Amino acid sequence: MIDTFQSDADALFASVVALRRTLHRHPELSGEEHETARRVAERLRELGVGAVQTGVNGTGVVATLEGERPGPTVLLRADMDALPIQEETGLEFASEVDGVMHACGHDVHTASLLGTAAILARHRDQLHGRVRFCFQPHEERLPGGAQGMIESGVLAGVDAVFGQHIKPDLPAGTLGVRAGAAMASSDEVYVTVTGEGGHAAEPHELAADATYVGSQIVGALQSVISRHCPPDVPSILTIGRLIADGATNVIPETARLEGTFRAMDEAWRGRGHDLIRRVAIRTAEAHGATADVEIHTGYPALYNHKDEAHLVADAAREYVGPDRALDVDRWFAGEDFAYFLQERPGAFCQLGVGSAHGLHTAGLNVDEEALRASTGFMAYVAWRYGREHAA
Ligand SMILES: [Zn+2]
Ligand SMILES: [Zn+2]
């Protein structure tokens with residue numbers, strides 16, 4: 001079927017690119033994907049892909065294609081939301097919405113999955129089982145849209161789940177997957193240090209200088225990873241924001257630290273939270289201040305199941321050739337597809353798009369050749385899973 005899917009993908013390429021550009025021009029923030037969902041539903045109806053369910057967990061769209069041969073049910077997922085970023089690519093089809101941009105490639109994911117649906121819809125007679133196309137809202141902002149989709153029942157009867165994400169630093173049209181821990185849990189850390197405000201010339205009169213204590217906490221928190229995290233567990237703790245809003249001659253009363261804690265092991269993740277709290281609170285105490293620590297729990301680490309990751313890797317070698325099927329490293333981004341993979345076997349793969357600018361930047365510029373590979377490839381993965389697991 002590879003040749004068939006490849007020639008279908010070639011034939012559909014121009015229309016998939018056109019659709020991606022339309023989505024790119026009209027990005028919508030998390031939870032507001034109304035127009036995007038309307039376009040998705042319209043296209044699925046044109047393709048005749050089963051009953052099209054809309055309004056799933058807000059703006060989600062789901063449709064299931066029935067194959068003509070017996071077999072399992074595969075779910076393919078794309079996310080649809082954009083980011084609060086002002087686009088600076090200068091592209092002719094750049095965002096027409098002020099301050100909103102598809103800077104994470106969800107336009108690519110959505111257009112690609114519609115291309116995949118078009119390909120599979122042409123070959124129902126060859127399809128073992130069925131394929132559920134799941135267009136998810138709200139990936140970019142906590143709590144994420146995945147859990148709500150799952151609670152709405154999209155996994156009912158599903159045997160395996162697959163998805164993909166663009167990867168700017170990989171050459172366009174390459175594919176990669178990693179078995180096991182592949183993407184990180186992502187938690188937000190907020191620390192408020194309270195000391196005593198006063199004249200900068202009289203720190204000795206004050207209970208504690210929040211600016212100094214805050215900077216000590218930034219340093220002390222580095223021990224959480226370097227002294228406590230097992231060396232074989234990849235983990236990161238970054239404080240990206242430290243605000244102590246005094247002046248040259250004013251000691252402020254409070255300081256605020258904000259950062260991210262990422263891990264690929266759930267046991268360590270829980271311990272890390274305890275250590276962050278303890279180190280921040282006791283460092284503040286040591287200097288006569290207090291620290292209030294809040295940790296907003298984000299998405300869990302993403303684990304690719306071994307058999308399904310191997311299927312995707314093998315399918316990639318066959319579909320794009322061994323030179324373009326890559327062994328990829330762990331990726332410390334967070335992704336709520338992790339919830340799907342907690343419920344069902346499956347794998348999430350990386351699609352190279354060859355952009356000099358990274359994800360979540362105003363300059364992200366996708367090489368659209370990637371769509372030629374991704375549309376047919378996901379069709380092949382779903383078809384092949386069905387054939388291998390046919391009753
Ligand atoms: Zn993103
Ligand atoms: Zn994303």
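This short talk covers the zinc sites and two cysteines of the structure above.

Morning, everyone. One caution at the start: this is a predicted model.

Let's begin with the zinc ion, ligand 2. Which protein atoms are its donors? They are SG of Cys104, NE2 of His106 and NE2 of His165. They lie 2.1 to 2.4 Å from the ion. Along the chain, the spacing reads C-x1-H-x58-H. How accessible is His106? Its relative accessibility is 0%, so His106 counts as buried. Cys104 comes out at 6%, and that counts as buried too.

Now the zinc ion, ligand 1. Cys104 turns up again, through SG. Glu140 gives two OE donors, and His360 gives NE2. The distances here run from 2.0 to 2.6 Å. So what holds the two sites together? Cys104 bridges the two zinc ions, which lie 3.2 Å apart.

What about the geometry of the ligand 1 site? The site is irregular, with angles of 54 to 145° among its four donor atoms. For reference, ideal tetrahedral angles are 109.5 degrees. The donor spacing is C-x35-E-x219-H.

Look at where the ends of that pattern sit. Cys104 is in the loop between β3 and α3. His360 is in the loop between β16 and α9. The pair therefore ties together parts that are 256 residues apart in sequence. His360 is partly exposed, with a relative accessible area of 41%.

Last, disulfides. How many does the whole structure have? Zero. Take Cys134: its nearest cysteine sulfur belongs to Cys349, 16 Å away. Cys134 is also buried, at 0% relative accessibility.

That's my tour. Thanks.

Notes
Residues numbered from 1 in each chain as written. Chains lettered and ligands numbered in written order. Predicted model: local features only at pLDDT ≥ 70, side-chain atom pairs only at ≥ 80, totals over all residues. Heavy atoms only, no water. Disulfide = S-S within 2.5 Å. Buried < 20%, exposed > 50% of the residue type's maximum accessible area, 1.4 Å probe, protein only. Donors = N, O, S within 2.8 Å, 3.2 Å for Na, K, Ca; no water. Tetrahedral: all angles 85-135°; square planar, octahedral: opposite > 155°, others 65-115°. Helix = DSSP H or I, 4+ residues; strand = E, 2+ residues; numbered from the N terminus.
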